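Colleague: I'm new to this one and would like a walk through it. Could you take me along piece by piece, and I'll interrupt when I get lost?

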Amino acid sequence: MTRALTTVPVLTAGAAVEVAAGLARSFASDAADRDARRVLPVTELDELSASGLLAITVPVPYGGAGLPVETVAEVVRLLATGDPNIAQIPHSHYAYIGQLRRNGTDAQRRQLFGEVLAGRRFGNAQSEAGTKHVRDIRTTLTALGDDRWRLDGRKFYATGALLAHRIPVLAHLGPDGPLHVAWVDRHADGVEVIDDWDGLGQRTTASGSVVLRGVDVPDSLITPYAVTFDGPQTYGAFAQVLHAAIDAGIARAALTEAAAFVRERSRPYPDAGVDRAADDPLVVHAFGELELAVRAGEALLAEAARAIDRADAALTADPARTGTGLSADAARADAAALTGAASLAVAAARATTSRAAVDAGSRLFEVAGTRSAAAGLGLDRHWRNARTHTLHDPTTWKIQHLGRWAVDGTPPPNHGQA
């Protein structure tokens with residue numbers, strides 16, 4: 001059980017980036033040890049909550065900073081350079097704040113955003129193991145009468161749930177009804193969170209199971225979900241860009257740690273004729289290739305985040321008040337074009353950062369030499385983290401979306417993975 005928190009600071013964009021950089025340096029110091037011993041980052045998550053970083057997307061009218069996606073992506077990227085496990089845990093926290101902003105009532109927003117501003121964390125209970133595919137959901141809300149529902153199901157890959165205060169659960173309203181989100185208390189009767197995640201990487205995200213047995217949920221804590229995709233939206237792009245930010249952070253951390261190892265510990269290969277491994281032209285060239293790939297990922301990440309911000313501005317704009325002269329239909333078409341462009345920009349960022357993270361985590365050993373393979377150093381965690389996290393969504397489908405756009409101008413699909 002994590003400690004109770006008072007109201008957290010409301011950060012400006014500059015302060016958020018500065019705080020994230022400081023926490024990343026702190027988290028990095030013990031990241032290898034936590035990975036080796038699978039120590040869950042309980043204290044570190046409380047520090048993250050208390051910092052105000054988990055409240056930066058709460059809208060201004062509800063007391064938050066309402067910071068742009070460009071800042072949020074950079075915050076997550078920085079945290080991932082310190083420990084990508086900690087950066088991944090609040091991924092769904094940010095995503096479901098966005099879900100609440102889109103689909104919650106004013107009363108629901110006031111209650112749940114208030115919890116975030118008090119330092120409380122949202123987890124996630126979305127995906128399910130053993131179903132046909134990632135969007136095949138079997139968990140259900142059954143009507144009990146008197147504005148109450150019974151929630152039953154089993155979830156997996158529930159990153160953040162174990163150490164959360166509240167868990168947004170994706171469920172059908174009735175056996176065949178549309179998907180909704182039930183906002184359940186982490187310690188409510190009938191809620192069991194099982195720490196059964198045993199991935200080879202991202203070992204301390206506690207991405208295990210959530211079992212829901214007859215959980216009593218009032219109407220006031222249920223919000224629509226399926227309607228998110230009835231029109232143009234950036235919900236999927238936002239979730240994806242945060243994944244890209246985590247991969248970009250892993251790539252940068254692997255490259256940084258490899259460079260330090262080469263400068264301080266690697267021996268030069270005799271044929272190079274140099275005194276330092278860092279002066280071997282083949283090593284330098286390899287680092288140049290890696291730096292190029294990581295920079296490309298970082299640049300595409302930043303552009304994707306800005307594209308989402310542009311799309312969000314179009315989605316929320318009122319043509320009658322902005323003076324654009326656009327009709328309502330033209331404004332909707334403009335918003336649809338911008339959301340499609342944002343999804344394509346995110347697809348490019350996801351594909352590039354995924355490759356950069358896996359390559360940097362692997363080639364780290366190529367440039368650092370035999371000594372770097374010592375198990376006690378924990379340098380393999382970068383590749384394991386990258387290889388595990390990049391499996392969230394197939395990179396090949398991101399490239400498919402880009403290719404179809406390039407060939408025929410086909411827009412990307414309108415769902416939560418694009």
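Modeller: This is a predicted model, and a good place to begin is its open sheet, where seven strands run in the order β5-β6-β2-β1-β3-β4-β7 with mixed pairing.

Colleague: Which strands stand at the edges?

Modeller: The edges belong to β5, residues 191–194, and β7, residues 222–224; each has a single partner strand, so one side of each is left without a neighbour in the sheet.

Colleague: And by how many degrees are neighbouring strands turned against each other?

Modeller: On average the turn between neighbouring strands of this sheet is 30 degrees, with direction ignored.

Colleague: Does anything sit on top? I mean, which helix packs on the sheet?

Modeller: That is helix α7, residues 106–117, which touches β3 (166–173), β4 (179–185) and β7, and whose direction makes about 145 degrees with that of β3.

Colleague: Back to the edge, please. In which sense do β5 and β6 pair?

Modeller: They pair in the antiparallel sense over four bridges, with β6 covering residues 209–218. Within that pairing, Val193 has Val210 as its bridge partner in β6, while Val191 stands opposite Leu212 of the same strand, β6.

Colleague: Which residues of β5 are on the covered face, and which on the uncovered one?

Modeller: Val191 and Val193 make up the covered face of β5, whereas Glu192 and Ile194 lie on the uncovered one.

Colleague: Let's stay with Ile194 for a moment. What is its relative accessible area?

Modeller: Ile194, which is found in strand β5, has a relative accessible area of 24% and is therefore partly exposed, since buried means under 20%.

Colleague: What does Ile194 touch, leaving out residues up to four places away in sequence?

Modeller: With those set aside, Ile194 touches Arg154, Gly208, Ser209 and Val211. For a separation along the chain, take Ala125, which is 69 residues apart from Ile194, with 12 Å between the two C-alpha atoms.

Colleague: Now the next strand in. Is β6 mostly covered or uncovered?

Modeller: β6 is mostly covered, as seven of its 10 residues are buried. Besides β5, strand β6 also pairs with β2, residues 148–155, in the antiparallel sense over seven bridges, and there Trp149 stands opposite Val217 of β6.

Colleague: Changing topic: how many aromatic pairs are there?

Modeller: The count comes to eight aromatic pairs. One of them joins Phe156 and Tyr157, with 4.6 Å from centre to centre and 55 degrees between the planes, which makes the pair tilted.

Colleague: Are those two rings' residues, Phe156 and Tyr157, buried or exposed?

Modeller: They fall on either side of the cut-off: Phe156 counts as buried at 16% relative accessibility, while Tyr157 is partly exposed, with a relative accessible area of 45%.

Colleague: And why is the pair of Tyr225 and Phe229 edge-to-face?

Modeller: Its planes are at 70 degrees, so the pair is edge-to-face, and the ring centres are 5.6 Å apart. Tyr225 is buried at a relative accessible area of 8%, and Phe229 also counts as buried, at 19%.

Colleague: Which residues do ring pairs link into a cluster?

Modeller: That cluster consists of Tyr96, Phe122 and Trp183.

Colleague: Last, let's zoom out. How many helices and strands are in the chain?

Modeller: The chain has 13 helices and seven strands. Along its principal axes, the C-alpha trace spans about 80 × 55 × 45 Å.

Colleague: How does the radius of gyration of the chain sit against that of a compact globule?

Modeller: The two agree, because a compact globule with 418 residues would have a radius of gyration near 22 Å, and the chain has 22 Å.

Colleague: What percentage of residues count as buried, and what about the area the chain exposes?

Modeller: Of the 418 residues, 55% count as buried, and the chain exposes about 18,100 Å², of which carbon and sulfur atoms supply 54%. As for contacts between residues at least 6 apart in sequence, 77% of them join residues at least 24 apart.

Note on methods:
Residues are numbered from 1 along each chain as its sequence is written. This is a predicted model: local features need pLDDT of at least 70, side-chain atom pairs count only at pLDDT 80 or more; totals for chains, interfaces and linings use all residues. Side-chain values use heavy atoms; hydrogens and water are left out. Two strands pair if DSSP finds at least two bridges between them. Helices (H or I, at least four residues) and strands (E, at least two) are DSSP runs, numbered from the N terminus. Axes are lines fitted to C-alpha atoms, for helices over the stretch in contact, and angles run from 0 to 180 degrees between N-to-C directions. Contact means heavy atoms within 4.5 Å. Buried means under 20% relative accessible area, exposed over 50%, partly exposed in between (1.4 Å probe, protein chains only). The radius of gyration is taken over C-alpha atoms; the globule rule is 2.2 Å times the number of residues to the power 0.38. Accessible areas come from the Shrake-Rupley method with a 1.4 Å probe; for residues, only the protein chains shown count as cover. Rings of Phe, Tyr and Trp (its six-membered ring) pair if their centres lie within 6.5 Å; planes under 30 degrees apart count as stacked, over 60 as edge-to-face and the rest as tilted.
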